[in-house]
Amino acid sequence: MQRLEERIRREGKVKADGVLKVDSFLNHQMDMAFLGELAQEFYRLFGDCGVTKILTIEASGIGIACMTAQAFGVPALFAKKTKTKNIAGEVYTSQVASFTHGVSYDIMVSKEFLRPGDRVLMIDDFLANGNALLGLAELVKNAGAGLIGAGIVIEKTFQPGGEKLRRQGIRVESLARIRSMSVERGVEFY
Ligand code: 5GP
């Protein structure tokens, strides 16, 4: 998406640890009108797939997931990061290794909100090593729900997440695909 790439070029800050900061419109301050445009693009891509639920992971995916859910007219559900592994069998859980924080944590959703009949579109802000999305995909599988695919705002294709997911047969659509990035040269897209 041209407008997204322009915005990343203009406002994104590449950090030495391989992290891109887009705090001015996505990860800290959120430009809701712009996120609405991104959500419309997800709707253009997945609108005919019978999606019943948008699933993301707290916290940075929630903003774009909410806008996307509004575009689809379905609920947004976010997996919670939790320390308690199981709450009396009332939740689905899986484990995620965090890219930005370098630790593993459990995520969970209530069985009340993720049902076998659901058709789930996963939405996230970034795709890096793919652990967050694979964790979400496992929750969907555990629930016996259908996985429609993943909508990603920014995919860093020099990390293996996209390939891992696609190899598992998951449809991944990314609105901006970064080929490489560095502090000196900034961001290069496909
Ligand atoms: P993965 O599980 O694919 O390695 O990482 C996905 C999660 O890590 C995303 O939900 C996002 O919160 C965070 N993340 C990964 N790479 C970046 C990055 O370059 N910038 C920011 N702001 N977050 C990132």
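**Group meeting: the ligand shell, helix H4 and strand E3**

Okay, let's start at the ligand: 17 residues surround it, the closest being Leu20, Asn129, Gly130, Ala132 and Lys156. A residue counts as near here if one of its heavy atoms lies within 4 Å. Before I go on, this is a predicted model, where local features need pLDDT of at least 70 and side-chain atom pairs count only at pLDDT 80 or more, while totals for chains, interfaces and linings use all residues. Numbering runs from 1 along each chain as its sequence is written, and side-chain values use heavy atoms, with hydrogens and water left out.

So who touches the ligand with polar atoms? By polar contact I mean a pair of N or O atoms within 3.5 Å. Asn27 puts a polar side-chain atom 3.1 Å from a ligand nitrogen. Asn129 has a backbone N or O atom 2.8 Å from a ligand oxygen, and for Ala132 a polar backbone atom is 2.8 Å from an oxygen atom of the ligand. Taken alone the ligand exposes 500 Å², and the protein buries 91% of that; areas are Shrake-Rupley with a 1.4 Å probe.

Which elements give two or more residues to that shell? They are strand E7 (119-127) and helix H5 (131-143). E7 gives the largest share, 4 residues. Helices and strands are DSSP runs, numbered from the N terminus: H or I of at least four residues for a helix, E of at least two for a strand. By class, the shell has 7 nonpolar, 7 polar and 3 charged residues. The nonpolar class is Ala, Val, Leu, Ile, Met, Phe, Trp, Tyr, Cys and Pro, the charged class is Asp, Glu, Lys and Arg, and the others, Gly among them, are polar.

Next, helix H4, residues 62-72. Its buried residues are Gly63, Ile64, Ala65, Met67, Thr68, Ala69 and Phe72. Buried means under 20% relative accessible area, exposed over 50%, and partly exposed in between, with a 1.4 Å probe and protein chains only. If you want the textbook reminder, an α-helix has 3.6 residues a turn, so residues three or four places apart point the same way. The cover over the buried residues of H4 includes helix H3 (32-46) and strands E3 (53-57), E4 (76-82), E7 and E8 (146-156). After H4 comes Gly73, with a positive phi near 70 degrees.

Now strand E3, one of the elements in that cover. Ile54 lies in E3 and is buried, at 0% relative accessible area. Contact means heavy atoms within 4.5 Å. Leaving aside neighbours within four places in sequence, Ile54 is in contact with residues including Ala65, Thr68, Ala69 and Phe72, along with Leu121 and Ile123. Its C-alpha sits 9.8 Å from that of Gly151, 97 residues apart along the chain.

Thr56 is in E3 as well, buried at 1%. With the same neighbours set aside, its contacts include Ala65, Ile123 and Leu136. Then there's Ile57, again in E3, buried at 5%. Among its contacts beyond four places in sequence are Ile62, Asp124, Ala132 and Leu136. Ile57 and Met122 are 65 residues apart in sequence and 9.0 Å apart in space, C-alpha to C-alpha.

Last bit, the cysteines. How many disulfides are there? The count comes to 0, taking a disulfide as a pair of cysteine sulfur atoms within 2.5 Å. Cys49 counts as buried, at 15% relative accessibility, whereas Cys66 is partly exposed, at 39%.

Technical notes. A polar contact is a pair of N or O atoms within 3.5 Å; within protein, one must be able to donate a hydrogen and the other to accept it, and residues adjacent in sequence count only if both atoms are side-chain atoms.
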